[in-house]
Structure formats: C-alpha cells, structure tokens
Amino acid sequence: MKVKWLGHACFLITSKDGLRVIVDPYAVGGGINYSPIKEAADVVMVSHDHGDHNNVSAVQGKPEVVKGSGEKAVKGIQFRGVATSHDASQGQQRGTNTVFCFTIDDVKLCHLGDLGHVLSPGQVTEIGAVDILFVPVGGFFTIDASVANQVCDQLKPKVVIPMHFKTPKCAYPLVGVEDFLKGKKNVRKIGSSEVEFERGKLPASTEIVLLQPAL
C-alpha cells in the first residue's frame, strides 16, 4: 500500500491492486497555495465541508464520495465515520468533523480530519485499533502538538503521519511540525511525498513518518 501526501490534510492511498482513495481534497486559494489536485481516485472521503477539505470536483475519475458518521461499504472497503467536533466546544465554533477509519491491504488507517479536541473514551472505542494515524498538529483550527500527542497516546498507532501544519505553501495561522517532533527520537523523515507500508513490516513501537508535500 502506498501513501502519498498531496498537501495540507489531503492524502492519496493506493492499494496493491490499484484502488485509489483520496482524503480531504483541498481547494487552492485563501491561504492554501499547494498546486491544484489533478489526481484520479475511486473513492473520496470528506471529513467536513470546509473548502480546504471538500474540493471533490478537483478529483478525476468520477469517484464515489464518503461523508458523515456511520458504516459505509464502497468499492469493497468498509469505511467507518466517527462523529467528532472541529473545536473544543462541541462544534459551537467551527462545526462538526468526521474521523474516518478504513482498512486497505490489511492495514488499519485512521484520518482525523480537522479534529479539535481530545477524544472521548467512547470515540476511542469506536475508532478501535489503528495501524496508521493521520493527525493534524498545526493548532489554531485543529488540535495543536500537545493535544495531538494526547490523541496519539489514546489510539496507540504503529505509525503517525503529521498533517495540517504550516509549510511554505500554507499561509494559514498554523505552527510548523517542529513542535510536534520536539524531543521525539522515533522520527523517520522521508525525503519525498510517498511511502509504502506492508502489514507484516509495520514498526513494533510507534514511529512518526514525516512526508514532504507532493504539490
């Protein structure tokens, strides 16, 4: 299975059989200066309806769209949406957010979208076991590095992939990934946007994998 970071909170996940899933496609503008998305996909997941996460029309190939909480089977994959909030005030500031859990090539993935709070015990149970966790770390609109650490401790993934942080192509008032990486020894910095994972070759203890945005 290949994971490619397109930028911001958007990832392209490709199974060994060629099934392509894109999560949270962004629209260019308003502080998002990554290149336009031109990838094709079979499935697109949208954690919430903000323009930096829901630009489904940019994705080529007439993909099926998955939104909201609950179980949905699409293209042979079971997607589980867990209802959360975009802020620490039960959504009163920025609305709702969906955490998505799904399995590709026997690897359990969890994309937190724009999570804005520590998870409740019920949400942790609903999410269940996680192999690869995509976690926002930039703060302001989402959880910051400190809360991201707490969420990682709650879910205990084998791999953590930081997202939604300040880069030269993101002018949002976020912080960079350095705060999240500070003091951590288990960091693997990938010199590209793409990395491959195999079920039998996942790390025994949690490893942070830092990707470079492709676009």
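How far is the sulfur of Cys10 from the closest cysteine sulfur? The distance is 13 Å, and the partner in question is Cys170. That is too far for a bond. This answer comes from a predicted model, and so do the values that follow.

Stay with the cysteines for a moment. A disulfide is a covalent bond between the sulfur atoms of two cysteines. To count here, two sulfurs must lie within 2.5 Å. Cys110 gives another case to test. Its sulfur is 4.1 Å from the closest cysteine sulfur, in Cys101. That is again too far for a bond. The count for the model comes to 0 disulfides. Cys10 is buried, with 0% relative accessible area. Cys110 is buried too, at 0%.

Now step back to the whole chain. The protein has 215 residues. Its secondary structure consists of 3 helices and 14 strands. The C-alpha atoms fill a box of roughly 40 × 40 × 35 Å along the principal axes. Is the radius of gyration that of a compact globule, or what value does the protein have? A compact globule with 215 residues would have a radius of gyration near 17 Å. The protein has 16 Å, so the two agree.

Other totals fill in the picture. Buried residues make up 53% of the 215. The accessible surface comes to about 9,300 Å². Carbon and sulfur atoms hold 48% of that surface. Contacts also reach across the sequence. Take those between residues at least 6 apart in sequence: 56% of them join residues at least 24 apart.

Next, go inside. The largest nonpolar core has 74 residues. Val3, Phe102, Val135, Ile161, Phe180 and Phe197 touch the most other members. Helix H2, residues 145-155, gives this core its largest share, 6 residues. Val3 is a good place to look around. Setting aside residues up to four places away in sequence, Val3 touches Phe11, Leu12 and Ile13, as well as Phe134 and Ile161. Val3 also touches Ser193, Glu194, Val195, Phe197 and Leu211. Two of these names, Ile161 and Phe197, are also on the list of core residues that touch the most other members.

Val82 shows a long step in sequence. Val82 lies in strand E7, residues 77-85. At 0% relative accessible area, Val82 is buried. Gln123 is 41 residues from Val82 in sequence, but their C-alpha atoms are 7.0 Å apart in space. Gln123 is also among the contacts of Val82. The others, beyond four places in sequence, are Asn97, Thr98, Val99, Cys101, Glu126 and Ile127.

The loops come next. His164 sits in the loop between strand E11 (159-163) and helix H3 (178-181). Is His164 buried or exposed? It counts as buried, at 0% relative accessibility. The side chain of His164 makes a polar contact of 3.4 Å with the side chain of His53. Beyond its sequence neighbours within four places, His164 is in contact with His8, Ala9, Asp52, His53 and Asp114. Its contacts also include Pro136, Val137, Gly138, Phe141, Thr142 and Leu174.

Pro173 lies in the loop between E11 and H3 as well. Its exposure is another matter: at 48% relative accessibility, Pro173 counts as partly exposed. Gly138 is 35 residues away in sequence, and the C-alpha atoms of the pair are 8.5 Å apart. Leaving aside neighbours within four places in sequence, Pro173 is in contact with Phe140 and Phe141. Phe141 is a contact of His164 too.

Last, look at the backbone. Most residues other than glycine have a negative phi. His8 has a positive value, near 60°. His8 lies in the loop between strand E1 (2-7) and strand E2 (10-14). With a relative accessible area of 0%, His8 is buried. His8 is also one of the contacts of His164. Asp105 has a positive phi too, near 55°. Asp105 lies in the loop between strand E8 (96-104) and strand E9 (107-111). Unlike buried His8, Asp105 is partly exposed, with a relative accessible area of 22%.

Definitions and conventions: Residues are numbered from 1 along each chain as its sequence is written. This is a predicted model: local features need pLDDT of at least 70, side-chain atom pairs count only at pLDDT 80 or more; totals for chains, interfaces and linings use all residues. Side-chain values use heavy atoms; hydrogens and water are left out. A nonpolar core is a set of buried Ala, Val, Leu, Ile, Met, Phe, Trp, Tyr and Cys residues joined through side-chain atoms within 4.5 Å. Buried means under 20% relative accessible area, exposed over 50%, partly exposed in between (1.4 Å probe, protein chains only). Helices (H or I, at least four residues) and strands (E, at least two) are DSSP runs, numbered from the N terminus. Contact means heavy atoms within 4.5 Å. A polar contact is a pair of N or O atoms within 3.5 Å; within protein, one must be able to donate a hydrogen and the other to accept it, and residues adjacent in sequence count only if both atoms are side-chain atoms. The radius of gyration is taken over C-alpha atoms; the globule rule is 2.2 Å times the number of residues to the power 0.38. Accessible areas come from the Shrake-Rupley method with a 1.4 Å probe; for residues, only the protein chains shown count as cover.
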